[in-house]
Amino acid sequence: MMKTTVRSGSSVSDAAWGKVNLTAKAITKGGFDSLFKKIFATDPNEKLKKAFACYLSTTTGPVAGTLYLSTARVAFCSDRPLSFVAPSGQETWTYYKVMIPLSDIATVYPVVMKENPASESYIEVVTVDGHDFWFMGFVKFEKASLELLNNVLDFNATTEPVTA
């Protein structure tokens, strides 16, 4: 079994600087749409609908990044490269990316904890093959939840059901 160790960031201030740097990068690269197309291989007809700063929960802790909602997928990219140990034993740095085609999303669960809604709200995305992804730390949780839910619903409404 390969052991993978991923470090997300040493402090809250590091994550905040990552957000500032990402926004500056988006501005200098032509906006979030242009940045999205540079980070992910996109179809020419794919359009970015929204982008939200957030964290992705991982087994090693939360990773600061951006959640992208497009006409074809939900995607996440970390703000900064993260280190991990490659099978060769060498430390390697890469951006943490997740791409989920909208056709592979089974459910979206926005969850707000009653005891502490400001800090304990997250969106769980479950795929048709049973993988789940937890996004949290949104500045505007309700807006992000609604946009993600509507993005999946819009995709499902425009997709023809497959008949056997």
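Modeller: Let's start with how strands join up: two strands pair if DSSP finds at least two bridges between them. Helices (H or I, at least four residues) and strands (E, at least two) are themselves DSSP runs, numbered from the N terminus. The model here is predicted: local features need pLDDT of at least 70, side-chain atom pairs count only at pLDDT 80 or more, and totals for chains, interfaces and linings use all residues. Residues are numbered from 1 along each chain as its sequence is written, and side-chain values use heavy atoms, with hydrogens and water left out.

Biologist: Thanks! How many helices and strands are there in the protein?

Modeller: Walk along the sequence and you meet the pattern α-α-β-β-β-β-β-β-β-β-β-α. Counted up, that gives 3 helices and 9 strands.

Biologist: Which strands stand at the edges of the sheet?

Modeller: The open sheet has 7 strands in the order E6-E3-E2-E1-E9-E8-E7, with antiparallel pairing. An edge strand has a single partner, so one side of it is left without a neighbour in the sheet; here the edge strands are E6 and E7.

Biologist: What does the twist average from one strand to the next?

Modeller: Each axis is a line fitted to C-alpha atoms, for helices over the stretch in contact, and angles run from 0 to 180 degrees between N-to-C directions. From one strand to the next, the average twist is 30°.

Biologist: Which residue in E8 stands opposite Ile105?

Modeller: Look at E7 and E8, which run antiparallel and are joined by 7 bridges. Across from Ile105 you will find Thr127.

Biologist: About what angle does the direction of H3 make with that of E7?

Modeller: H3 packs on the sheet, touching E1, E2, E3, E7 and E8. Contact means heavy atoms within 4.5 Å. Between H3 and E7 the angle is about 165°.

Biologist: Which side chains of E6 are buried?

Modeller: In a regular strand the side chains alternate between the two faces of the sheet. Buried means under 20% relative accessible area, exposed over 50% and partly exposed in between (1.4 Å probe, protein chains only). In E6, Lys97, Met99 and Pro101 point to one face and are not buried, while the buried ones on the other face are Val98 and Ile100.

Biologist: Which element gives the largest share of the largest nonpolar core?

Modeller: A nonpolar core is a set of buried Ala, Val, Leu, Ile, Met, Phe, Trp, Tyr and Cys residues joined through side-chain atoms within 4.5 Å. The largest one has 22 residues, and Leu148 is among those touching the most other members. At least two residues come from each of several elements, including E1 (48-58), E7 (105-112) and H3 (141-158). The largest share, 4 residues, belongs to H3.

Biologist: Are the rings of Phe36 and Phe40 stacked, edge-to-face or tilted?

Modeller: Rings of Phe, Tyr and Trp (its six-membered ring) pair if their centres lie within 6.5 Å; planes under 30 degrees apart count as stacked, over 60 as edge-to-face and the rest as tilted. The whole structure holds 7 aromatic pairs. Phe36 and Phe40 have ring centres 5.5 Å apart and planes at 50°, so the pair is tilted.

Biologist: And how many residues apart are Phe76 and Phe135?

Modeller: Their ring centres are 6.2 Å apart and their planes lie at 45°, so this pair is tilted. Phe76 belongs to E3 and Phe135 to E9 (residues 132-136), which links distant parts of the chain: the separation is 59 residues.
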